[in-house]
Amino acid sequence: MTRDNLYFHKHGGALDCQPGLKSDSLLDFSVNISPLPPPVALSSFDSCCVRRYPSIDGQGIKDFYVGRFGLDSRTVLSTNGAIEGIYLLPRALKVKKTLVLAPSFFDYERACRIAGAEVRYLNLQEKKRFTLPSIDTIAAELQGVDAFFAANPNNPTGTRFPKEVFLALASRFPDKWFIMDEAFIQYVDDFPGASLMREVKALKNVIVVHSLTKFYALPGLRLGAVIAHRDVIEVLLRYKEPWTVNIVAEHVARELLECNDYERDVRAMITSERAKIFKQLKKIPEISLKGYAANFFLARWNGGLSLDHLLEFLKKKGILVRDCRNFPGLRDNYFRFVIRKPDENDRLLEQLLYAREEIETVVR
């Protein structure tokens with residue numbers, strides 16, 4: 001199977017790829033979505049008028065971004081989840097050479113290669129906890145490329161990419177595209193100030209890809225957008241397929257405009273549980289944490305025995321975490337887990353606390 005094959009790279013939440021596991025008896029910590037259920041009623045297809053076509057351009061999603069974040073509608077391109085935008089951009093912008101973070105979300109590089117672009121890595125160093133290198137180092141790596149894909153926070157490292165650094169680079173290199181994935185930006189403590197959504201009107205070479213999947217727990221509906229200068233949106237519209245956003249997604253996106261209480265509750269839970277998990281895991285020397293700016297943790301298993309033993313142990317306890325060894329730069333015992341509800345997090349912490357002792361007993 002080639003690296004660009006659709007099935008090459010495994011993603012979190014793929015229960016159908018886990019033999020013997022049933023979703024109703026499993027705590028899935030592998031998929032990075034909100035711990036609270038979707039804040040909208042999804043019970044009636046009739047209210048969405050599924051017997052008629054949706055708008056050609058996903059107007060319902062555009063209405064959300066305009067109403068919720070105060071964006072100019074001409075800067076918003078509705079997409080079938082952030083992933084459609086990620087694949088559209090290198091094709092429409094005719095990218096030839098791209099720089100991507102490593103480790104990071106696999107589909108940035110896959111989308112660029114499919115569009116015919118060469119991909120280079122900006123390697124994040126484990127000894128520096130996968131934080132960004134200096135701005136001068138990044139600038140040196142940008143020589144010879146025409147686009148830079150990054151994420152804030154980065155997945156799976158959970159580390160931040162300060163928007164001031166991104167904007168400084170974009171100003172320094174106006175002939176290069178700077179594409180920021182903000183799928184997890186609503187989880188950071190300083191949102192909306194940390195977002196680049198409003199900056200695209202001033203810098204034509206800055207593009208934001210955003211998702212409603214992660215924060216509103218709606219992965220099955222595929223809601224997202226590309227936010228860019230209106231001139232860039234005009235270019236993208238020449239390549240964008242019609243009707244990629246279904247009418248149910250449009251209906252739900254408009255309902256999200258009334259979900260301020262939900263947003264407050266999600267942030268409060270994530271902030272509280274993040275602090276609790278961090279404190280508890282500091283007591284477990286077999287696990288070291290590397291990044292946790294979003295709603296998930298990147299962790300390394302140092303228990304002596306391989307990560308396979310830990311994953312199998314947790315699976316037998318009805319817990320699924322994300323094996324991160326297929327990310328470039330994370331080949332050595334790294335795994336990722338999302339922050340869920342308090343009692344569910346307690347269950348994971350309890351099993352991690354006793355993991356080494358029980359695994360060693362079983363192996364012996």
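Which residues do ring pairs link into a cluster?

## The aromatic cluster

The model described here is predicted. In it, ring pairs join F64, Y65, F69, Y187, F191, F215, Y216 and Y262 into a cluster. A search of the whole structure gives 23 aromatic pairs.

One of these pairs is formed by F69 and F191, which meet edge-to-face, with 5.8 Å from centre to centre and 85° between the planes. F69 belongs to helix α1 (residues 59-69), while F191 is in the loop between β6 (177-181) and β7 (206-211), so this pair ties together parts that are 122 residues apart in sequence. Both F69 and F191 are buried.

## A second edge-to-face pair

F130 and Y334 also form an edge-to-face aromatic pair, with centres 5.7 Å apart and planes at 75°. F130 lies in the loop between β4 (118-123) and α4 (135-141), and Y334 lies in strand β13 (residues 334-338), so the pair ties together parts that are 204 residues apart in sequence.

F130 has a relative accessible area of 1% and Y334 one of 2%. Buried means under 20%, so F130 counts as buried, and so does Y334.

## Charges over rings

Two arginines have their charged ends over phenylalanine rings. The charged end of R336 sits over the ring of F296, at 5.8 Å from the ring centre. For R340, the ring is that of F29, and the charged end sits 5.5 Å from its centre.

## Packing of α2 and α3

Helix α2 (residues 81-92) packs against helix α3 (residues 106-114) at an angle of about 40°, and their axes are 8 Å apart. This angle makes α2 oblique to α3. The crossing in which α2 passes α3 is right-handed.

The contact involves I83, I86, Y87 and P90 on the α2 side. On the α3 side, the residues they meet are D107, Y108, R110, A111, C112 and I114.

## Packing of α1 and α8

Helix α1, which holds F69 of the pair with F191, also packs with another helix. The axes of α1 and helix α8 (residues 247-255) come within 7 Å and cross at roughly 15°. That angle makes α1 roughly parallel to α8, and the crossing of the two helices is left-handed.

In α1, the residues in contact are Q59, G60, I61, D63 and F64. They meet E250, A253 and R254 in α8. F64 is thus named in this contact and is also a member of the aromatic cluster.

Definitions and conventions
Residues numbered from 1 in each chain as written. Predicted model: local features only at pLDDT ≥ 70, side-chain atom pairs only at ≥ 80, totals over all residues. Heavy atoms only, no water. Phe/Tyr/Trp six-rings, centres within 6.5 Å; stacked < 30°, edge-to-face > 60°. Helix = DSSP H or I, 4+ residues; strand = E, 2+ residues; numbered from the N terminus. Buried < 20%, exposed > 50% of the residue type's maximum accessible area, 1.4 Å probe, protein only. Lys NZ or Arg CZ within 6 Å of the ring centre and 35° of its normal. Axes fitted to C-alpha atoms, helices over the stretch in contact; angles between N-to-C directions. Parallel < 35°, antiparallel > 145°, perpendicular 65-115°, else oblique. Left-handed = near helix turned anticlockwise from the far one by under 90°. Contact = heavy atoms within 4.5 Å.
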